[in-house]
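Work through the exercises below with the sequence and the model open side by side. Each task is followed by a solution in steps.

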Amino acid sequence: MKCFTYFCFLILFTPMAFAQNYDLLIRGGKIVDGTGNAWFYGDVGIKNGKIARVGQLSNATAAKILDAKRLIVCPGFIDIHTHIEEDEFRVPTADNFIYDGVTTVVTGNCGLSNVDLGLYFRQLDSVKTSVNVASLIGHNDVRKAVMGTVNRAATPSEQQAMEALVEKAMKDGGVGLATGLIYVPGTYSKTEEVVGLAKVAARYGGVYASHIRYEGDEILKAIDEAVEIGRQANIPVQISHFKVSGQNNWGRSKETIAAVENARREGIDVTIDQYPYTASSTGLNTLLPSWALAGGLDSIKAQVNEAVTKQRMVKEMVETLKRRKQKHFTYAVVAYYEADTTLNGKNMEEINLLKGRKHKAETEAETILEMATKGGASMVFH
């Protein structure tokens, strides 16, 4: 905020600021300037692509004048949790963000990012996106680059290699480290591994943003882990899409918010973000036990084809469902299933019945496993 005030001081006392002829004049809007002060009616004069003056510019002229009456004029919003993931190259105009007033996005969340951020930023420069793009360095992709998707702790040499990748990413302009500890291969990491990487990001002024390890029954344990990483690495912590999953956990926000407030009272810089939905969007494979996901699609197929292992998978999936106090996988809705798009929009209970199978959670779990062996699906979980 000091920087913003200083910037305003400079522009108000330059000769350009008092010029009454602008390239663009935005008149009569409710100005919300981002300082936290109350809005006020005013005009914004723009010259050479920059804001030259804000205030009552009744005598000003401009090559182009926009009437902002009954509208709000404010700085662009910063969306700190996005998954643009190649859309920035497909649609560099970023219409969906611009029309919502977003002019800066942060990507790389949930542990998913380009490993070579230097190259990524050069590619962004070449397509000239309409929004500013900042990127975290994703733990999942860093781990995958060094270790693949194996389910084990990192060796000292592997830890060193991952830390080197994080350091390069931060030097190239990364804004911090992001984890997705519910996803493969990040879910196989130990807290100590993440602390080591977070310490590297901290040296370059980065933040630690985390899709925490558990969002259901063990939510408090996951929050404690995020806080401990911040404590040990001396790094600001951002807990992504702060929520509790499962009907059996309804009402536990009183506990989770208290956990964050306690950490803040201790002096640890912990913040949270939350989306305004009662559903999440992720992949079908998150319904499978995490131990079954190591090794990728071929490994999943092999395990499903092995009767004893498949039975174990089904049992664990149903146990998780019952802990959520639900009898069927109705809450899991297919957004897009490439192997059979006619199933898009249907929940797993419906799909199981469409296939003529028994109306039981166990057979629904088997249907989920079958879909997982065919490449999985994008899902909405209510």
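## Exercise 1: a pair within one helix

D87 has a relative accessible area of 36%, so D87 counts as partly exposed. The model is a predicted one.

**Task.** Find the salt-bridge partner of D87 and state where the two residues lie.

**Solution.**
1. The partner is R90, and the closest N and O atoms are 2.6 Å apart.
2. This distance falls inside the cut-off, since a salt bridge needs a side-chain nitrogen of Lys or Arg within 4 Å of a carboxyl oxygen of Asp or Glu.
3. Both D87 and R90 belong to helix α3 (residues 87-90), three residues apart, or about one turn of the helix.
4. R90 is exposed, because its relative accessible area is 57% and the class begins over 50%.

## Exercise 2: two further salt bridges

**Task.** The whole structure holds 17 salt bridges. Describe the one between R312 and E316, then the one between E370 and K355.

**Solution.**
1. In the pair R312 and E316, the closest N and O atoms are 3.2 Å apart.
2. Helix α12 (residues 307-323) contains both R312 and E316, four residues apart, about one turn of the helix.
3. R312 is partly exposed at 44% relative accessibility, and E316 is partly exposed at 25%.
4. For E370 and K355, the N to O distance is 3.6 Å.
5. E370 is in helix α14, while K355 is in the loop between α13 and α14, so this salt bridge ties together parts that are 15 residues apart in sequence.
6. E370 is partly exposed at 23% relative accessibility, as is K355 at 35%.
7. Elsewhere, D116, K168 and D172 are joined into one network by salt bridges that share partners.

## Exercise 3: two open sheets

**Task.** What is the strand order in the parallel sheet that contains β7, and what is it in the antiparallel sheet that contains β16?

**Solution.**
1. The parallel sheet is open and has three strands, in the order β6-β7-β8.
2. Its edges are β6 (77-79) and β8 (132-135); each has a single partner strand, so one side of each lacks a neighbour in the sheet.
3. From one strand to the next, the twist averages 20°.
4. β6 and β7 (residues 102-107) are joined by three bridges, and I78 stands opposite T104 in β7.
5. Helix α5 (residues 117-127) packs on this sheet, touching β7 and β8, and its direction makes about 170° with that of β8.
6. The antiparallel sheet is also open, with three strands in the order β14-β16-β15.
7. β14 (280-283) and β15 (332-336) are at its edges with a single partner strand each, so one side of each has no neighbour in the sheet.
8. Neighbouring strands here are turned by 35° against each other on average, direction ignored.
9. Four bridges pair β15 with β16 (residues 378-381), and M379 in β16 is the bridge partner of V334.

## Exercise 4: two loop residues

**Task.** Describe the surroundings of H359 and of V32.

**Solution.**
1. H359 sits in the loop between α13 (348-354) and α14 (361-373) and is partly exposed, with a relative accessible area of 43%.
2. Leaving aside neighbours within four places in sequence, H359 is in contact with H328, E349, L353 and E364.
3. H328 is 31 residues away along the chain, yet the C-alpha atoms of H359 and H328 are separated by 8.6 Å.
4. V32 lies in the loop between β1 (21-31) and β2 (40-47) and is partly exposed at 32% relative accessible area.
5. Together with W39, Y41 and I72, V32 forms a nonpolar surface patch with about 420 Å² of accessible area.

Notes. Residues numbered from 1 in each chain as written. Predicted model: local features only at pLDDT ≥ 70, side-chain atom pairs only at ≥ 80, totals over all residues. Heavy atoms only, no water. Patch = residues over 30% accessible without salt bridge, like charges linked within 9 Å, V, L, I, M, F, W, Y side chains within 5 Å. Areas by Shrake-Rupley, 256 points an atom, 1.4 Å probe, with all protein chains shown as cover. Buried < 20%, exposed > 50% of the residue type's maximum accessible area, 1.4 Å probe, protein only. Pairing = 2+ DSSP bridges. Axes fitted to C-alpha atoms, helices over the stretch in contact; angles between N-to-C directions. Contact = heavy atoms within 4.5 Å.
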